[in-house]
Amino acid sequence: MLWLIDLVLLLAGLVLWNRASRESDEAWSLFLRSIAFLDLAFIAFGNGQMLVEILLLALALALPSAERLERRSP
């Protein structure tokens, strides 16, 4: 069962990496990639750190895109 959870978290990390690749703002893209890298590192090296992995991914996937933030500013 744990390998299935790791697989889902791995796919979510890859989705986040792909989302970072599509961003136009370089700083925002770097930030998203660093969160994805940290998540993938926790999956690879952090046995038993599921809570940290899930919280990082939930936070990263809930972040808005840079374009949406720019449109919202006055």
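This passage walks through a predicted model of a helical protein chain, from its overall make-up to the surroundings of one arginine.

Starting with the big picture, the protein chain has four helices and zero strands, so its elements simply read α-α-α-α from the N terminus on. Of the 74 residues, 30% are buried. The accessible surface comes to about 5300 Å², and carbon and sulfur atoms account for 69% of that. As for how the chain meets itself, take the contacts with a separation of 6 or more: 63% of them link residues 24 or more positions apart.

Next up is the inside. In soluble globular proteins, nonpolar side chains tend to be buried together. Here, the largest nonpolar core has 12 residues, namely L9, A12, L16, A20, W28, L32, I35, A36, I43, L57, A60 and L63. Helices α1 (2–21), α2 and α3 (50–62) each put in at least two of these residues, with α2 giving the largest share at five. A60 shows how parts of the core come together: setting aside neighbours within four places in sequence, A60 is in contact with L16, R19, L32 and I35. Of these partners, L16, L32 and I35 are themselves listed in the core.

Helix α2 deserves a look of its own. With 20 residues, α2 reaches 28 Å from its first C-alpha to its last, close to the 28 Å expected at 1.5 Å a residue. Its buried residues are W28, S29, L32, I35, A36, D39 and I43. Seen down the axis of α2, these fall within an arc of 130 degrees, so they line one face of the helix. An α-helix has 3.6 residues a turn, so residues three or four places apart point the same way. The buried set is not purely nonpolar in make-up, as S29 and D39 are in it. On the other side of α2, the exposed residues are E26, A27, L30, F37, A44 and F45.

That leaves R33, which also sits in helix α2 (residues 26–45). Its relative accessible area is 29%, and because that lies between the 20% and 50% cut-offs, R33 counts as partly exposed. Not counting residues up to four places away in sequence, R33 touches W17, A20 and S21. R33 and W17 are 16 residues apart in sequence, yet their C-alpha atoms are 5.6 Å apart in space. With S21 the link is polar: the side chains of R33 and S21 make a polar contact at 3.1 Å. A20, another residue that R33 touches, belongs to the largest nonpolar core.

Note on methods
Residues are numbered from 1 along each chain as its sequence is written. This is a predicted model: local features need pLDDT of at least 70, side-chain atom pairs count only at pLDDT 80 or more; totals for chains, interfaces and linings use all residues. Side-chain values use heavy atoms; hydrogens and water are left out. Helices (H or I, at least four residues) and strands (E, at least two) are DSSP runs, numbered from the N terminus. Buried means under 20% relative accessible area, exposed over 50%, partly exposed in between (1.4 Å probe, protein chains only). Contact means heavy atoms within 4.5 Å. A polar contact is a pair of N or O atoms within 3.5 Å; within protein, one must be able to donate a hydrogen and the other to accept it, and residues adjacent in sequence count only if both atoms are side-chain atoms. A nonpolar core is a set of buried Ala, Val, Leu, Ile, Met, Phe, Trp, Tyr and Cys residues joined through side-chain atoms within 4.5 Å. The expected span of a helix is 1.5 Å times one less than its number of residues. The arc is that of the directions from the helix axis to the C-beta atoms. Accessible areas come from the Shrake-Rupley method with a 1.4 Å probe; for residues, only the protein chains shown count as cover.
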